[in-house]
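Here is a short note to read beside the model, point by point. Please keep the sequence open while you go through it.

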Amino acid sequence: MSRIFTVDIGNTAAKGTVFDGYSPLATKVVDNDDPDALVSLAREQEADGAVFCSVGGRDEQFGGRLRAELDIPVLQLTNLTPLPFEIVYSTPTTLGVDRIAAAAGVMQRYAGNAFVVDAGTAVTADVVADGKFLGGNISPGLRLRFRSLNAFTAKLPRVRPDGELPEWGHDTETAIRCGAVRGLVAEIAAGYADVKNKYKDIKLVMTGGDADFLKPLLEERGLECSIDHDLVGLGLVSIYNYNR
């Protein structure tokens, strides 16, 4: 089995993982403005190849650093990279590469049927079914919701996601928290219900920084929810192997 170093550079954090085949060996997370700090992980784990995706603007610089320091094959996932599945999307050149990688992870681990929610700075909720990426929705993530309410109003305070979360807010702080958190939970639950009406065997799979926070709130609604923090990395390995 080859050891493949994967890097997912998001809006807030950059995550590096070395996989042995499709099993994660070691993971490191840094701020998204310092992905170069992940390169040592590939060296320590003796990676045979590397693949990365980025939603930011450091793609060429980071790819050059990987090639120069590691002397191994490096693949950058772009909208032009050949894929082992079909994308049904009107504007494939604008589709986020992290969403593409997550869809590839679903193909590898969940037989190509999942409602994939990546709960990060932005929340993406995508439908992967019948071996195809069928599209999805993008909305603000939790911290972006709280930040916006504070920044674009005169008097609403900045509130954190963790804290008292009654069914209905009883003061300004809990009203904001309930609106932002429970609103997002209701959004995910409604999206999954619509998808499940069409695809009966589809699973709800979550990844991203807020996935663990949101899971129990979804389960309160009677929804089965799987957390898969290796989904994007797994998809990157799948795409790397397909292109090699």
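1. Two strands count as paired if DSSP finds at least two bridges between them. With that in mind, look at Gly16, which stands opposite Lys28 in S3. The model is a predicted one, and that applies to every point below.

2. The pair Gly16 and Lys28 belongs to a longer run of contacts along two strands. S2 and strand S3 (residues 23–31) are antiparallel and share 8 bridges. They form a hairpin with 2 residues between them. In that turn, Gly21 has a positive phi of about 65 degrees.

3. On the other side of this hairpin comes S1. Strand S1 (residues 3–9) pairs with strand S2 (residues 13–20) in the antiparallel sense, over 7 bridges. Ile4 stands opposite Phe19 in S2. The link from S1 to S2 is a hairpin of 3 residues.

4. What is the order of the 5 strands in this open sheet? The order is S3-S2-S1-S4-S5, and the pairing is mixed. The edge strands are S3 and strand S5 (74–76), each of which pairs on one side only. On average, neighbouring strands of this sheet are turned by 15 degrees against each other, with direction ignored.

5. The parallel part of the pairing is found between S4 and S5, which are joined by 3 bridges. Here Ala50 has Val74 in S5 as its bridge partner. Helix H7 packs on the sheet and touches S1, S2, S4 and S5. The direction of H7 makes about 120 degrees with that of S4.

6. An aromatic pair also involves S4. The structure holds 3 aromatic pairs. In one of them, the ring centres of Phe52 and Phe62 are 5.2 Å apart and the planes stand at 85 degrees, so the pair is edge-to-face; the cut-off for that class is over 60 degrees. Phe52 lies in strand S4 (residues 49–54) and Phe62 in helix H2 (residues 59–70), so the pair ties together parts that are 10 residues apart in sequence.

7. Now turn to the open sheet of 6 strands, which has the order S6-S9-S8-S7-S10-S11 and mixed pairing. Why is one side of strand S6 (86–87) and of strand S11 (226–227) left without a neighbour in the sheet? Both stand at the edges and each has a single partner strand, so one side of each stays unpaired in the sheet.

8. At the S6 edge, S6 and strand S9 (residues 132–140) run parallel and pair over 2 bridges. Ile87 stands opposite Phe133 in S9. S9 also pairs with S8, in the antiparallel sense and over 7 bridges. One of the facing pairs there is Asp126 with Gly136 in S9. S8 and S9 form a hairpin with 2 residues between them, and Asp130 in the turn has a positive phi of about 55 degrees.

9. At the S11 edge, strand S10 (residues 203–207) is joined to S11 by 2 bridges, and the two run parallel. Val205 stands opposite Ser226 in S11. Helix H6 (residues 211–220) packs on the sheet, touching strand S7 (114–119), S10 and S11. The direction of H6 makes about 150 degrees with that of S10.

10. The largest pocket has a volume of about 880 Å³. How many residues line the largest pocket? There are 36, of which Asp118, Gly120, Thr121, Gly208 and Gly209 lie nearest its centre. Elements that each supply at least two lining residues include S1, S2, H3, helix H4 (142–151) and helix H7 (231–243). S2 gives the largest share, 5 residues. By class, the pocket lining divides into 11 nonpolar, 16 polar and 9 charged residues.

11. There is also 1 cavity of 30 Å³ or more, with a volume of about 30 Å³. Its lining is made of Asp98, Arg99, Ala102, Asp118, Thr124 and Asp126. Helix H3 (97–109) and strand S8 (122–129) each supply at least two of these residues, and H3 gives the most, with 3. The classes are 1 nonpolar, 1 polar and 4 charged. Asp118 is thus worth locating in the model: Asp118 lines this cavity and is listed among the residues nearest the centre of the largest pocket.

Technical notes. Residues are numbered from 1 along each chain as its sequence is written. This is a predicted model: local features need pLDDT of at least 70, side-chain atom pairs count only at pLDDT 80 or more; totals for chains, interfaces and linings use all residues. Side-chain values use heavy atoms; hydrogens and water are left out. Helices (H or I, at least four residues) and strands (E, at least two) are DSSP runs, numbered from the N terminus. Contact means heavy atoms within 4.5 Å. Axes are lines fitted to C-alpha atoms, for helices over the stretch in contact, and angles run from 0 to 180 degrees between N-to-C directions. On a 1 Å grid over the protein atoms alone, a cavity is a set of points where a 1.4 Å probe fits but cannot get out, and a pocket is an open set with protein on both sides within 12 Å along at least five of seven lines; lining residues have an atom within 4 Å of a point. Grid points are joined across faces, edges and corners, and a volume is the space filled by probe spheres set on the points. Ala, Val, Leu, Ile, Met, Phe, Trp, Tyr, Cys and Pro count as nonpolar, Asp, Glu, Lys and Arg as charged, and the others, Gly among them, as polar. Rings of Phe, Tyr and Trp (its six-membered ring) pair if their centres lie within 6.5 Å; planes under 30 degrees apart count as stacked, over 60 as edge-to-face and the rest as tilted.
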